[in-house]
Amino acid sequence: MSVMTDTANLMNQPGRIRALRRAVETIADGAAPLVDLCRPYVDGLDHLPRDGRFLLVGNHTQSGTEGLLIPYAVRRELGTLVRPLTDRAFGRMPGPAADLLAACGATVGAPESARELMRHDQPILVFPGGGREIGKFKGEENTLNWRGRAGFARIAAEHDYPIVPAGLIGGDDVYRSFTTRDGAWGRLSAALSSHMAGKPDMAMPLVRGIGPTMIPRPQRMYLRFAEPIDSTRPAGVAADDWAESLKTRTQESLEAVLAQLLQIRAADPYRQLNPLAWRDAVQP
């Protein structure tokens with residue numbers, strides 16, 4: 001059994017994983033000065049429950065920065081390892097790659113994994129949009145794609161787990177799409193995705209970085225943690241109805257966070273990491 005799918009040992013992982021985790025944490029701590037040099041905008045840390053018992057719900061971006069910065073910010077604030085729930089495909093990764101992800105706290109995003117982590121009051125990170133939210137076609141930047149994704153809310157309600165929306169802006173601007181979803185490439189990509197993976201919503205756009213190249217655009221990252229949402233189901237409300245309501249409230253909260261961060265970024269002279277504007281960077 002892959003270490004990424006071993007639910008029984010989520011809280012008692014093999015020694016090699018624990019050793020690798022210590023190495024990863026040492027590297028992360030050593031990288032703190034470099035992170036500070038880039039001055040990510042991080043707000044709302046006071047909204048994180050101090051007992052570490054919460055479900056972080058974030059938005060995926062094309063750069064994947066959110067998967068690193070959210071756990072980093074939480075660990076730096078609370079000293080707690082965040083447990084990201086990943087796509088099931090990661091459970092089929094070769095041993096060394098799976099070990100590294102497990103050392104970073106990740107596990108395959110199955111209901112039984114989430115329930116086991118919640119039984120042990122672990123901080124969990126989930127991206128309801130999954131892989132389909134990563135590929136942003138032109139005009140889809142900084143948006144959510146959660147159609148049919150209410151599982152996180154259902155499990156949170158089962159365990160009365162507070163939900164903390166965590167929004168990140170900047171990751172969709174490192175690379176920008178120059179193709180549209182309803183254009184020729186978008187239709188072809190959707191057809192290929194449907195044929196090869198059975199998932200037409202996993203179409204991928206054509207992107208570029210600086211100019212016509214794939215050199216990433218320098219972008220400051222903006223991260224905000226919103227107020228926790230109480231997931232406790234009221235008496236007399238059906239479980240499915242409550243899960244859908246929780247999902248809607250979480251999505252609306254996260255969309256509001258993204259809109260707020262876009263406004264903050266618009267007035268920030270350091271938004272493109274211009275060294276001359278470092279001292280004038282907008283702060284929380």
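The sulfur of Cys104 lies 19 Å from the closest cysteine sulfur, which belongs to Cys38, and this is too far for a bond. In this predicted model, the structure accordingly holds 0 disulfides. Beyond the cysteines, the points below cover the largest nonpolar core and a second one, the helix α5, and a nonpolar patch on the surface.

**Cysteines**

- Seen from the other side of the pair, the closest cysteine sulfur to that of Cys38 is the one in Cys104, at 19 Å, which is too far for a bond, because a disulfide is counted here for sulfur atoms within 2.5 Å.
- Cys38 counts as partly exposed, with a relative accessibility of 34%, and Cys104 is likewise partly exposed, its relative accessible area being 34%.

**Nonpolar cores**

- The largest nonpolar core is made of 31 residues, and those with the most contacts inside it are Leu55, Phe152 and Ile163.
- Two or more residues of this core come from each of the strands β2 (55–58), β5 (124–126) and β6 (163–169) and from each of the helices α5 (111–119), α6 (151–158) and α8 (239–266), with α8 giving the largest share, 8 residues.
- Leaving aside residues up to four places away in sequence, Ile163 touches Leu55, Val57, Phe152, Ala156, Glu227, Pro228, Ile229, Leu246 and Thr250, so that its contacts, defined by heavy atoms within 4.5 Å, include Leu55 and Phe152, which are named with Ile163 among the residues with the most contacts inside the core.
- A second core, separate from the one above, has 19 residues, among them Leu56, Ala73, Leu125 and Leu168.

**Helix α5**

- Within α5, the residues Ser113, Ala114, Glu116, Leu117 and Met118 are buried.
- The partners against which the buried residues of α5 pack are the strands β2, β3 (83–86), β4 (107–108) and β5, together with the helix α6.
- After α5 comes Asp121, a residue whose phi is positive, near 55°.

**Surface patch**

- Phe178, Trp185, Leu188, Leu192, Met196 and Leu206 make a nonpolar surface patch of about 590 Å².
- One of these residues, Leu206, is placed in the loop between α7 (184–197) and β8 (207–208).
- Leu206 counts as partly exposed because its relative accessibility is 33%, a value that also satisfies the requirement of over 30% relative accessible area for patch residues.

Notes: Residues are numbered from 1 along each chain as its sequence is written. This is a predicted model: local features need pLDDT of at least 70, side-chain atom pairs count only at pLDDT 80 or more; totals for chains, interfaces and linings use all residues. Side-chain values use heavy atoms; hydrogens and water are left out. A nonpolar core is a set of buried Ala, Val, Leu, Ile, Met, Phe, Trp, Tyr and Cys residues joined through side-chain atoms within 4.5 Å. Buried means under 20% relative accessible area, exposed over 50%, partly exposed in between (1.4 Å probe, protein chains only). Helices (H or I, at least four residues) and strands (E, at least two) are DSSP runs, numbered from the N terminus. Patches are made of residues with over 30% relative accessible area and no salt bridge: like charges are joined within 9 Å, nonpolar side chains (Val, Leu, Ile, Met, Phe, Trp, Tyr) within 5 Å. Accessible areas come from the Shrake-Rupley method with a 1.4 Å probe; for residues, only the protein chains shown count as cover. A salt bridge is a side-chain nitrogen of Lys or Arg within 4 Å of a carboxyl oxygen of Asp or Glu.
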